[in-house]
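Got the model up in your viewer? Here's a walk through it, stop by stop, with what to select at each one.

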Amino acid sequence: MSITRVLTFSFSGIDPVPVEVQVQMTRGLPAFIIVGLADKAVTESRERVRAALTSMGIALPPKRILVNLAPADIVKEGTHYDLPIALGLLCAMDIIPQEELMHYAALGELSLDGALGNVNGVISASIGAAAEERGIICPYNQGSEALLGGDIDILAAPSLLALLHHFTGKQILSKPEFSELPPPPKDPDLYEVKGMEGAKRALEIAAAGGHSMLMIGPPGAGKSMLAARLPSLLPNLTPQQSLAVTRIYSCAGLLPNSAPIIRPPFRSPHHSASQVAITGGGVKVKPGEISLAHHGVLFLDELPEFARNALEALRQPLETGNISIARATSHITYPAHFQFIAAMNPCRCGYAGDIERECHRIPKCKEEYTRKISGPLLDRIDLITNIEPVPPKDIINIACGEKSEVVAKRVKLAREQQLTRQNMLNNEINTNHIQLDHEVAEMVEKASLQLKLSARGITRLLRVSRTIADLALKSEIDISSVAEALTFRQR
């Protein structure tokens, strides 16, 4: 009696966890049993594997077949266990040499005709295989995705039959190549926004320092239009950032073309989204919107309309850059380093402060509308700016402003200064990275007392001031930089 072993992976968030698929065939009543804390999708792989082998003209022997997924105390989820189970059976039947599979990890979903379908987490599995000093076997369409995980031996097969031919020497699989990157979608251009110079200045500062921003203005003032143009001001992701974001999308099943993500993601969930949809979680603990916005932008329009618990759940990720999801059976951490942009009306009807259409329920209308936004959450927002609607005559007659590519060059230059100086953007620095002369320090102290800023609020004021100075190519923070930053701290 022998046991064949095939390596595959489970996933804790985006981190691969090695799982050994052990297959044993013994005498006894014919049976096909899968043990090892497998979920419904894994136990159903018995029928998919049986049908795939039958389509190849291979019948399972009339024996007791036991498949153990070790370690047995980890929940096994997903359809990617189909391929390692099938390969383990072929080894147990002496169709594929066990020695050939000892150098590979495998994952893939089997269709009834033996074709290999796409699965989630190929990049993370490739990284895990590299850590185990093995190659990886994956579906053909995801060969280029596996290449992103490291320089390892990759077998990207279109079907189980192709793998059988490869291991028996009948037809050798060719090495996969990187797929051609699709052209990035064109972001809306800032050139299309007329007027609103103060708001566009706030957007440029937010882009340059990676700062969070809240826009307050009446309906139709252009808040959502401005937020949609923020990605056009941001530079491409670095290779490390691209790999991190692509891994998240791969594990979430949102990487259909297997191409790396090179532009900062922009996520804009509807205000009816639940806390689980925003932060992640659920039965299978999937990444939420804040993780899908990793190294990108999370835009929440109509901020007070979101559930209060969903908004309060943003407080920890905004500080730490990750989200820890604790469940009775697991404790998973997803990266969530995102730029938070929000928009809201001044009150529920939207016209508080408008002379011509003044709200008649002030202040009750405003209090009811803003009740869900707590002080601690507001304290974590670097820039708060009022958006005034552009008069109709200006919309028709005023000239368009700068193009996004022009502003993006200033943003890129300011970011390069920050990375050279402190190896991080200004939205992450603390007061130890900031030096002030006596006159500027005295101004910050007086303003903090007058505005009743917390210690966090003072730090964020200094961060914005540092970004304003970087945009002006100044080596030190001066009074004008602090004065402009103060205009974005008043509520």
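Is Glu 302 buried, partly exposed or exposed? Select it and have a look: Glu 302 is partly exposed, with a relative accessible area of 26%. That value lies between the 20% under which a residue counts as buried and the 50% over which it counts as exposed, so "partly exposed" is the label. You'll find Glu 302 in the loop between β14 and α13 (308–312). Its backbone deserves a glance too, since phi of Glu 302 is positive, near 55 degrees, in a residue other than glycine. Most residues other than glycine have a negative phi.

**Zoom out**

Keep in mind that this is a predicted model. Show the whole chain as a cartoon: there are 21 helices and 18 strands. Along the principal axes, the C-alpha atoms fill a box of roughly 85 × 45 × 45 Å. The chain has 491 residues, and 49% of them are buried.

**More backbone stops**

Now select Met 196, in the loop between α7 and α8 (197–209). Here is another positive phi outside glycine, near 55 degrees. Met 196 has a relative accessible area of 11%, so it counts as buried.

Next, go to Ala 70 and Pro 71. The peptide bond from Ala 70 to Pro 71 is cis, with omega near 5 degrees. Most peptide bonds are trans. Pro 71 itself sits in the loop between β4 (64–70) and α3.

**Helix α3**

Follow that loop into α3 and select residues 82–92. How many of the eleven residues of this helix are buried? Ten are, so α3 is largely enclosed by the rest of the structure. Among the buried ones are Leu 83, Ile 85, Leu 87, Leu 89 and Leu 90, as well as Asp 82 at the start of the helix range. After α3 comes Asp 94, with a positive phi near 60 degrees.

**Ring pairs**

Switch to sticks for the aromatics. There are two aromatic pairs to find. Start with Tyr 104 and Phe 167, which meet edge-to-face, with 6.2 Å from centre to centre and 75 degrees between the planes. Tyr 104 belongs to strand β5 (residues 104–106) and Phe 167 to helix α7 (residues 160–167), so this pair links distant parts of the chain, 63 residues apart. Both rings belong to buried residues: Tyr 104 has a relative accessible area of 9%, and Phe 167 is at 7%.

The other pair is Phe 266 with Phe 299. Why does this one count as stacked? The ring centres are 6.2 Å apart and the planes are at 25 degrees, so the pair falls under the 30-degree limit for stacking. Phe 266 is in strand β11 (residues 266–267) and Phe 299 in strand β14 (residues 297–300), so the pair ties together parts 33 residues apart in sequence. Phe 266 is partly exposed at 30% relative accessibility, whereas Phe 299 is buried at 4%.

While the rings are showing, select Tyr 191 and Lys 403. The charged end of Lys 403 sits over the Tyr 191 ring, 5.7 Å from its centre.

**A buried asparagine**

Select Asn 345, in the loop between β17 (339–344) and α15 (364–370). Its relative accessible area is 7%, so Asn 345 is buried. What does its side chain contact? Bring up Lys 223: the two side chains make a polar contact at 3.4 Å.

**Two pockets**

Turn on a surface for the last stops. The largest pocket holds about 750 Å³ of space. It is lined by 30 residues, and Ser 10, Phe 11, Val 75, Glu 77 and Lys 284 are the closest to its centre. Strand β1 gives the largest share of this lining, three residues. By class, the lining has 13 nonpolar, twelve polar and five charged residues.

The second largest pocket has a volume of about 550 Å³. To find it, select Gln 241, His 295, His 337, Arg 415 and Leu 425, which lie nearest its centre among 22 lining residues. Helix α18 (residues 404–422) supplies the largest share here, four residues. This lining divides into eight nonpolar, ten polar and four charged residues.

Notes
Residues numbered from 1 in each chain as written. Predicted model: local features only at pLDDT ≥ 70, side-chain atom pairs only at ≥ 80, totals over all residues. Heavy atoms only, no water. Phe/Tyr/Trp six-rings, centres within 6.5 Å; stacked < 30°, edge-to-face > 60°. Helix = DSSP H or I, 4+ residues; strand = E, 2+ residues; numbered from the N terminus. Buried < 20%, exposed > 50% of the residue type's maximum accessible area, 1.4 Å probe, protein only. Lys NZ or Arg CZ within 6 Å of the ring centre and 35° of its normal. 1 Å grid on protein atoms, 1.4 Å probe; cavity = no way out; pocket = protein on both sides within 12 Å on 5 of 7 lines; lining within 4 Å. Points joined across faces, edges and corners; volume = space filled by probe spheres on them. Nonpolar A, V, L, I, M, F, W, Y, C, P; charged D, E, K, R; others polar. Polar contact = N/O pair within 3.5 Å; in protein donor to acceptor, adjacent residues only side chain to side chain.
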